[in-house]
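Colleague: Could you walk me through this model? I am new to reading structures, so please take it one step at a time.

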Amino acid sequence: MIRTHIKPNQSWFSVDWKEIWQYRDLLWLMVWRNITTIHKQTILGPLWFVIQPLATTVVFTIVFGQIAKISTDGIPPFVFYMSGMVLWNYFAGCLNGASGSLVGSAGLFQKVYFPRLIVPISSLFSQMMYFLINLTVFVTFYLYYLFIVKTSIQPTLWILALPALVLQAAIVGMGVGLWLSALTVKYRDISFLLPFLTQLWMYATPIIYPASSVPEKLRSLYYLNPMASVVEFNRFAFFGVGTLTKETFLFGIVSGVLILITGLLMFNRAQRTFVDII
Amino acid sequence: MTNHVIIADRLSKCYRLGVIGRQTLKDEFIYLWHKVMGRNPIEHMGKVGVGQHSDTTISVEDDNNDFWALKDISFKINRGEVVGIIGRNGSGKSTLLKLLSRITEPTSGEAFIEGRVGSLLEVGTGFHPELTGRENIYMNGTILGMNKAEIDKRFDEIVAFSEVEQFLDTPVKRYSSGMFVRLAFAVAAHLEPEILLVDEVLAVGDVEFQKKCLGKMKDVAGQGRTVLFVSHNMGAINNLCSRALLLEKGRLVLDSTAEETTDKYLGYQVVESAVATEEDINERMEGKILGDFPYIRLKRIALLDKENNTKKLFDADEPIQVSLEFECLQSVPDLRLLFYIVDKNDTPIYGSQNTDDTDIASKFSYIAKGVYKAACVIPPNTFGGRQFYLSVQILYPKVEHIILNKILQFVVKFKGHNQQIQYGGNDRPINIWPLLKWSLHGKVFDDFMGLKKKDVTI
């Protein structure tokens with residue numbers, strides 16, 4: 001028998017994970033809905049998942065590689081940009097999905113109760129699908145450069161750590177997304193800030209340039225950005241070059257987890273009564 | 001454990017009107033600072049903020065800006081009870097359901113709920129226009145708290161109930177609004193929580209479908225599940241609920257049987273006695289007077305039996321006399337008197353006007369100054385065994401119009417027209433039950449024992 005106690009000011013910390021588990025069917029349906037509905041009534045349909053990352057990489061290769069001539073640490077520019085984008089896109093997707101979860105589903109939350117964390121969690125899983133397609137495209141080009149063009153790239157065994165990097169990107173994306181989602185309830189400004197923030201953050205992450213081009217004095221400051229270590233680690237794993245140290249990477253993990261926990265608290269606090277002020 | 005599945009204890013919900021909470025980031029920090037320092041920010045913020053320059057401290061949370069949508073609501077609901085919640089718009093009905101379904105938190109007070117709660121505050125919550133009917137059944141069902149296995153089990157029932165089999169694989173954005181609503185209600189109707197909270201969702205769809213929904217709600221209630229049901233439809237409340245709560249301006253004003261509560265809500269401040277005196281009439285009078293001075297005054301309204309005794313309880317087989325005493329203060333060239341009988345749900349079901357009767361109509365075409373008494377007899381064997389109300393209007397067309405809505409209440413006791421028959425129940429919910437003639441024609445093929453064939457018309 002389920003017993004519910006309704007009272008004011010529920011604790012910030014009381015996330016009912018058991019309840020979320022009970023709603024797992026809803027979670028999967030939401031994931032599936034996010035994926036299937038997005039490309040309905042389009043001609044190319046799921047092909048867009050492939051076209052988007054490819055087109056971006058081509059543009060980056062032309063603009064930053066050919067015109068601006070930014071160094072890529074000796075890595076072929078095409079796979080260099082792609083290796084950064086693959087994790088960054090996943091992170092940005094999670095961030096976007098989580099930050100819109102309260103205001104974006106307000107209509108739903110005003111009419112029915114289910115654990116509200118389901119919505120941001122479902123976006124983590126649906127983004128995973130884009131990620132896997134992105135990753136396949138990247139790996140295809142990577143293998144092409146590795147075996148056919150025969151460039152000097154050096155794969156390392158750290159490639160096996162990729163799932164952990166994905167998890168780290170999800171943690172940071174979700175954490176920041178939950179923060180923003182809680183703040184958007186009160187301050188709609190955040191929704192204007194978000195695209196801008198994502199763009200700035202991308203420039204603060206070694207996507208279009210190698211971390212080695214950051215002056216050494218500033219590097220420890222640079223790695224305060226937990227996404228910088230994720231992208232740099234990924235590049236190191238695939239190409240064998242990079243500036244990452246153990247300390248900076250550990251720091252990235254700790255800060256990521258902290259962001260997630262505080263994000264959960266903020267979200268939990270906001271979701272209790274957000275329908276009253278939305 | 002007690003038998004109570006819902007216990008609400010002084011539930012209250014306060015909304016702040018106008019500005020919402022702390023508006024600026026500065027306020028936010030000041031608020032946090034007080035919290036960290038262990039002080040009550042509400043008491044201190046006035047001093048920090050607006051009241052700083054004046055002698056008096058202005059409370060940030062001004063009482064005038066607080067709107068108590070619900071205040072100190074306490075009640076207990078037993079397992080298997082079907083309870084209606086009624087009240088005017090803005091009385092807090094929906095807020096109460098929102099608190100119980102955990103959509104928002106109370107400001108103070110608490111509630112205990114035992115059992116799985118399904119809430120139905122809107123039909124079609126979570127329907128996605130791009131998904132097909134089939135997909136939306138699953139989507140909507142899980143949002144309402146079912147799991148996939150439960151939906152699988154009821155899928156066919158849901159589809160049959162919704163009557164949209166043909167369009168099951170069409171995106172719902174191509175549905176007509178009627179189809180959409182039917183499908184949505186079908187999903188909701190097949191929820192099987194222990195406690196169901198329903199908000200006025202029956203007011204959708206066509207009449208046929210509404211009937212079907214009411215029937216379904218009755219089934220749910222019959223299965224021993226607890227239902228809280230918000231509605232403006234007093235007929236539905238009386239029909240479905242055994243008990244009802246009446247909310248007024250966020251307060252619980254009556255918790256009683258459905259009948260008593262709906263009566264109170266509909267404003268049946270009926271004159272208690274069987275006669276409405278001049279005083280009662282003046283107090284209850286509605287209407288408009290366009291002339292410069294009054295023409296007509298009603299003095300006394302009464303319901304009488306054959307012996308001219310005033311009565312409140314009539315047998316179905318006795319005539320009911322409506323007696324109206326009035327005074328004409330001026331001579332009136334055209335006087336209309338009319339009465340009608342209203343049932344419990346406010347529906348007028350029977351009525352008559354003085355000018356209908358051509359034998360007497362001419363008498364009313366000129367009424368001199370004076371005191372009069374008009375009467376009209378409702379023939380015996382007209383009404384079923386129910387409670388009724390008498391409404392009266394008296395008018396001098398285009399000049400004066402006096403309305404007395406539900407001025408008297410009376411009850412008809414129905415014993416059945418045929419005393420030899422044991423009736424299944426004489427309280428059939430039918431307002432008009434006159435004594436009518438029946439006939440039967442047929443052909444007999446076989447007699448009772450199957451012995452011989454006859455061809456006799458009976």
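Colleague: How many of the 11 residues of α4(B) are buried?

Modeller: Happy to help, and please keep in mind that this is a predicted model. A residue counts as buried if 20 or more other C-beta atoms lie within 10 Å of its own. Among the residues of α4(B) that pass are Gly133(B), Tyr138(B) and Ile143(B). The helix is largely enclosed by the rest of the structure, because its buried residues number 10 of the 11.

Colleague: Which elements are included in what covers the buried residues of α4(B)?

Modeller: Let us take the cover chain by chain. Chain B supplies α5 (148–162) and α6 (177–189). Chain A takes part too, and its element in the cover is α2 (24–38). The cover therefore includes α5 and α6 of chain B together with α2 of chain A, around a helix that is largely enclosed.

Colleague: Which element gives the largest share of the side of chain B that touches chain A?

Modeller: The contact takes 36 residues from chain B and 27 residues from chain A. On the chain B side, α3 (93–100), β4 (108–114), β5 (117–120) and α4 (133–143) each supply at least two residues. The largest share is 6 residues, and they come from β4(B).

Colleague: What is the bridge partner of Thr4(A) in β4(B)?

Modeller: Strand β1 of chain A, residues 3–6, is joined to β4(B) by 4 bridges. The two strands run antiparallel. In β4(B), Thr4(A) has as its partner Ile113(B).

Colleague: Which strands are at the edges of the open sheet?

Modeller: Four strands form this open sheet with antiparallel pairing, in the order β1(A)-β4(B)-β1(B)-β2(B). An edge strand here pairs on one side only. That description fits β1 of chain A and β2 (66–78) of chain B.

Colleague: By how many degrees are neighbouring strands of this sheet turned against each other on average?

Modeller: The order to follow is β1(A)-β4(B)-β1(B)-β2(B). With direction ignored, the average turn between neighbours in this sheet is 15 degrees.

Colleague: Is Arg284(B) buried, exposed or partly exposed?

Modeller: Arg284(B) is in helix α10 of chain B, residues 278–284. Leaving aside neighbours within four places in sequence, Arg284(B) is in contact with Leu404(B) and Ile407(B). Its C-alpha atom is 6.5 Å from that of Leu404(B), although the two are 120 residues apart along the chain. Because 16 other C-beta atoms lie within 10 Å, Arg284(B) is partly exposed.

How values were computed. Residues numbered from 1 in each chain as written. Chains lettered and ligands numbered in written order. Predicted model: local features only at pLDDT ≥ 70, side-chain atom pairs only at ≥ 80, totals over all residues. Buried ≥ 20, exposed ≤ 12 C-beta atoms within 10 Å, placed from the backbone. Contact = placed C-beta atoms within 7 Å. Pairing = 2+ DSSP bridges. Axes fitted to C-alpha atoms, helices over the stretch in contact; angles between N-to-C directions.
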